[in-house]
There are 2 protein chains.
Amino acid sequence: MSKVRVESFTISLDGFGAGPNQDIDNPLGVGGTSLHGWAFSTRTFQRAVLGSERGTAGGVDDDFAARGFRNIGAWILGRNMFGPVRGPWPDERWRGWWGENPVYHVPVFVLTHHARAPLVMEGGTTFHFVTQGIEAALARARDAAREKDVRIGGGVDVIRQFLRRRLIDEMHLAIAPVLLGSGERLFEGISLPGLGYACTGHAASPLATHVLITRT
Amino acid sequence: MSKVRVESFTISLDGFGAGPNQDIDNPLGVGGTSLHGWAFSTRTFQRAVLGSERGTAGGVDDDFAARGFRNIGAWILGRNMFGPVRGPWPDERWRGWWGENPVYHVPVFVLTHHARAPLVMEGGTTFHFVTQGIEAALARARDAAREKDVRIGGGVDVIRQFLRRRLIDEMHLAIAPVLLGSGERLFEGISLPGLGYACTGHAASPLATHVLITRT
């Protein structure tokens, strides 16, 4: 059966998955970009996101980045990951952070309280806007993914919602050696052992510590 | 000038520095012992705490454990690190978790709301009980340490008190690949960057990720 996975989700030493005050200039919140040094260093990320042949191929960081793109048939994103617009959509102009050919290349289900027609992009990505909550989004994503897995992209609040309902099978987290001081804490108000999750693997590079958390 | 240092303080992936429900059977709280696998593995810890010649000498974990004992002239501990007794001391019977020859071998200042006469132990350790708060304890510890450093042993709440007043110069944290789910969070309600701290170094072993946090 297909799995529900979180991949390459990075938190700071003090537990924040994004910095505060996200806006159009700070898609990851203020300071949030510093979390992702390990990912930027990888060939997988450079190729998938920036269309570049830079970065290091192979090694701990690249191996983890690469596993995040394997066998993914659909994504689910919180609205703030799709863009900085809040409240009802004023118009159709915002089409995501990623330009006309986004990095996904599969259907992407965006959680929002405000309906919007699907956005068909280049390269196989279609953004679907789901207003009925995470379980409805997951049902649609599973359907779209067929036998492949569903990747939960984030943000923090979305991952917490899925964890609380034990809907995530596997979670790869990276812990970056930075302090953010404020923002959204991934583990706030949530007990992973209490929900039946355990750390089942870990590896470190000079840029991050990678851990695997699995529902047992 | 002598420094105020935290050394070998271990937190879980979800940010807890101790498990919940500390008592005489669980000095580190329930599950808290699982944090310290990296330390138990080291020759430094085995020799200092258990009087054993087991454990691995050298390597990342042992190097960090060893630095924690270098140039320390006095310690400061929260009362819960000294023992499970709460409230006024019912008698003088509780003499710490460590037997008659504790691991410190220097003066140790125990923070408490309840006065008690100093306890002179074997091997150079004397426990002094300080009721006037952390700044008074630090003044006495600095005095006792002479030109050497003062090590803050913990627990979580004590470290947070010292951090909030920017009294810590250097902090070595280990992050263990375990999830505790509840207990005391080291970074709860505290912004290290806001207080002028930054991560200035890190290294990983198979058992823990070690980070250095320094006041800038």
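The following exchange looks at the sheet of chain A, the helices on it and the relation between the two copies.

This is a predicted model, in which local features need pLDDT of at least 70, side-chain atom pairs count only at pLDDT 80 or more, and totals for chains, interfaces and linings use all residues. Residues are numbered from 1 along each chain as its sequence is written, chains are lettered from A in the order in which they are written, and side-chain values use heavy atoms, with hydrogens and water left out.

Visitor: Which strands of chain A are the edge strands of the sheet?
Guide: Strands here are DSSP runs of E with at least two residues, and helices are runs of H or I with at least four, numbered from the N terminus; two strands pair if DSSP finds at least two bridges between them. In chain A, 9 strands form an open sheet of mixed pairing in the order β5-β6-β4-β3-β7-β1-β8-β11-β10. The strands that pair on one side only are β5 (119–120) and β10 (197–204) of chain A.

Visitor: Which residue of β7(A) stands opposite A:V4?
Guide: Strand β1 (residues 4–12) and strand β7 (residues 149–154) of chain A pair in the parallel sense over 2 bridges. Opposite A:V4 in β7(A) stands A:V150.

Visitor: By what turn can chain A be laid on chain B?
Guide: Copies are superposed by least squares on the C-alpha atoms of residues with pLDDT of at least 70 in both. The fit gives an RMSD of 0.0 Å with a shift of 0.0 Å along the axis, and the two copies are thus related as by a two-fold rotation axis. The turn is 180°.

Visitor: Which residue of chain A has the C-alpha nearest the axis?
Guide: The C-alpha in question lies 3.0 Å from the axis. It belongs to A:A204.
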